[in-house]
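Hello! I am passing a structure on to you, and I would like you to open it and keep it beside this email while you read. Below I walk through what turned up, one region at a time.

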Amino acid sequence: MTKGRSIRIGIPVMGKGATNHIHRPEIVDAFLERGVELYFFVRPDYFDIIQKYPKCHYIACEIPTVTGRGKTAAGFFEYWRNLYPASDPGRRIRRRELNSRRSCMARLRNEVLAWGARSQKIMQMALRIEEMMVRDAENVAINYNQLDCMLLLGIGTHGTQPESLFARWARRNGIPVIQVVANYDGLSSKGFRGTDVGELLVWGPAMRDDAIKLQGIPESQVKMIGALRYDHLYSREYPTRKVFLHQLGLDPSQQTILFAGGRNEYHYFEMLAAFEAFRQHDQRLQLVIRVYPKKGLLRSAAMRVFIRYARSLNGVYVSIADPSFEKGSVDREVLTVEEEELWSLLKYSDVVVNLYSTIALEACLFNKPIINMWYFGSVGMTVQQPIYTPYPDMHHIRKFESYGAAEKATAREELVDLIRQAIKHPEQRAEQRRLAVERELGPLDGNVKERLVDFCCSSISGIKSTNRTRAA
């Protein structure tokens with residue numbers, strides 16, 4: 001701890017990664033108990049929505065951008081970095097899909113970029129050039145620079161681009177940066193990082209390997225602390241199964257399917273159709289539909305009709321992951337995700353069906369049978385056509401599948417049969433699910449937040465001590 005005043009840490013809150021992993025009561029309390037002052041920089045469209053914790057500071061802050069002449073260069077380099085590693089099978093498939101709709105010259109240009117995106121060294125050189133070209137055009141609207149540290153959720157890969165600008169702004173102002181990974185595929189399927197990384201905190205062994213091997217971060221700068229979002233789940237208080245399911249209007253004596261849908265409308269309609277077909281032969285089953293937190297999806301006419309119809313059915317409950325979907329910018333990532341209901345849903349469901357999403361890993365944590373729904377059919381004119389993404393070929397999905405923790409359904413009949421088998425034999429693949437948790441989530445011992453706070457405080461104190469020594 002520094003003398004004279006407490007440590008001040010700035011934490012940008014631009015998307016659900018920060019609210020899921022840092023802006024949590026138990027983590028905020030852990031910092032406050034050590035006398036740390038937290039300054040949350042919140043998107044203006046969410047400033048009045050986000051729950052504000054006492055003794056924390058909240059400052060409205062726009063998402064950083066690159067403007068003027070640097071904007072084109074920034075877009076080019078972001079695209080190039082997102083091709084990395086271009087030698088990965090999933091990346092090659094996706095590139096072929098994109099190239100099929102391009103001109104010959106555009107395909108040639110893309111293949112040249114992909115050739116460069118096979119090499120980590122070339123990507124590191126490209127990052128240096130990018131930083132020089134866009135530096136004068138970076139727009140980070142933070143007017144508070146009396147910080148001892150900037151704590152960032154991400155390393156500037158695709159989807160966390162603002163973190164690159166926050167990191168560079170902090171370093172220009174002499175503020176050290178500590179970065180934390182917010183999702184299990186953040187280092188493996190989002191391209192090459194968009195900023196230098198000084199100190200990186202990761203979840204488990206798999207993520208540590210991705211940081212070192214894929215992102216080229218020295219092993220000495222990578223520390224494994226466990227997954228912040230999940231560390232409290234074993235010790236938290238849950239309502240009983242009977243009380244919880246009664247609250248949802250469901251029957252505690254029946255088996256429960258939890259379907260965690262994706263970004264597209266098709267699979268919600270298909271899951272409900274499969275469930276209704278199942279119930280024609282066996283009424284002892286009920287369904288919970290968890291709608292993905294995407295405002296465009298939740299506000300679409302088809303999903304509004306679907307939710308209204310599903311809620312009218314007996315034995316069906318619809319859970320909305322984004323409770324504020326009517327508010328905030330529709331073209332930006334959601335900031336708040338409902339979790340209290342989610343954890344009880346996972347605890348009391350009998351099987352989890354999803355589309356290769358993070359919830360499969362969460363189902364492993366609760367030791368639930370998992371089925372990946374992976375087929376695409378024709379739908380009506382009012383429903384958005386299913387968008388195929390080569391998830392099974394992507395690095396992080398291949399890694400997850402290597403554990404053998406989940407089944408895969410490639411047709412409705414197979415899905416129904418796999419659900420029936422999972423309910424009958426829930427113990428199958430339990431050891432594989434345990435392995436997935438161990439490799440991906442790291443040490444979950446109730447002390448992850450303490451490790452985060454200890455690391456931040458000791459790192460900042462060490463930097464302060466070094467600076468004082470140099471000054472003397």
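**A loop residue and its neighbours**

Not counting residues up to four places away in sequence, Ala117 touches Trp80, Leu83, Tyr84, Pro85, Ala86 and Met123. Before you go further, please keep in mind that this is a predicted model. To find Ala117, look in the loop between α5 (104-116) and α6 (120-134). Is Ala117 buried or exposed? Its relative accessible area is 0%, so Ala117 is buried. One of its contacts, Trp80, is 37 residues away along the chain, and the C-alpha atoms of Ala117 and Trp80 are separated by 7.0 Å.

**Aromatic pairs**

Tyr84, which you just met as a contact of Ala117, leads us to the aromatic rings. Searching the whole structure gives 17 aromatic pairs. In one of them, Tyr84 and Phe192 sit edge-to-face, with 5.1 Å from centre to centre and 85° between the planes. Tyr84 is in the loop between α3 (70-82) and α4 (89-99), while Phe192 is in the loop between β7 and β8 (199-202), so this pair ties together parts that are 108 residues apart in sequence. Tyr84 and Phe192 are both buried.

Another pair to look at is Phe269 with Phe306, which is tilted: the centres are 5.0 Å apart and the planes make an angle of 55°. Here helix α10 (residues 266-279) supplies Phe269 and helix α12 (residues 301-311) supplies Phe306, so the pair ties together parts that are 37 residues apart in sequence. Phe269 has 29% relative accessibility and counts as partly exposed, whereas Phe306 is buried, with a relative accessible area of 2%. There is also an aromatic cluster, formed by Trp203, Tyr230, Tyr238, Trp343 and Phe366.

**Strand β6 and its partners**

Now turn to strand β6 (residues 149-153). Why can we call β6 largely enclosed by the rest of the structure? The reason is that 5 of its 5 residues are buried. Cys149, Leu151 and Leu153 point one way from the strand, and Met150 and Leu152 point the other way.

Which strands pair with β6? One is β1 (residues 8-13), which runs parallel to β6 and is joined to it by 2 bridges. In this pairing, Gly10 stands opposite Met150. Strand β7 (residues 177-180) also pairs with β6 in the parallel sense, over 4 bridges, and there Leu152 stands opposite Gln179. To get from β6 to β7, the chain passes through helix α7 (residues 161-172), and this β-α-β crossover is right-handed.

**Nonpolar cores**

The largest nonpolar core has 86 residues, and Ile9, Phe31, Phe40 and Leu452 have the most contacts inside it. Helix α18 (residues 448-471) gives this core its largest share, 7 residues. Try selecting Phe40: leaving aside neighbours within four places in sequence, its contacts include Ile11, Val13, Ile22, Cys56 and Tyr58. Apart from the largest core lies another, of 36 residues, among them Tyr266, Ile289, Tyr292 and Ile320.

**Salt bridges**

How many salt bridges does a search of the whole structure find? It finds 33. Here are three of them:

- Lys190 and Asp185 meet through their side chains at 3.6 Å, N to O. Lys190 is partly exposed, with a relative accessible area of 27%, whereas Asp185 is buried at 8%.
- Arg193 and Asp196 meet at 4.0 Å, N to O. In this pair Arg193 is buried, with a relative accessible area of 7%, and Asp196 is partly exposed at 29%.
- Asp350 and Arg241 meet at 3.8 Å, N to O. Asp350 lies in the loop between α13 (340-348) and β13 (351-354) and Arg241 in helix α9 (residues 241-247), so they tie together parts that are 109 residues apart in sequence. Arg241 is partly exposed, with a relative accessible area of 23%.

Some salt bridges share partners, and in this way Arg128, Glu131, Glu138, Arg168, Arg172, Arg193 and Asp196 are joined into one network.

Happy exploring, and do write back with your questions!

Conventions
Residues numbered from 1 in each chain as written. Predicted model: local features only at pLDDT ≥ 70, side-chain atom pairs only at ≥ 80, totals over all residues. Heavy atoms only, no water. Buried < 20%, exposed > 50% of the residue type's maximum accessible area, 1.4 Å probe, protein only. Pairing = 2+ DSSP bridges. Right-handed = clockwise from strand over helix to strand, strands pointing away. Core = buried A, V, L, I, M, F, W, Y, C linked by side-chain atoms within 4.5 Å. Contact = heavy atoms within 4.5 Å. Phe/Tyr/Trp six-rings, centres within 6.5 Å; stacked < 30°, edge-to-face > 60°.
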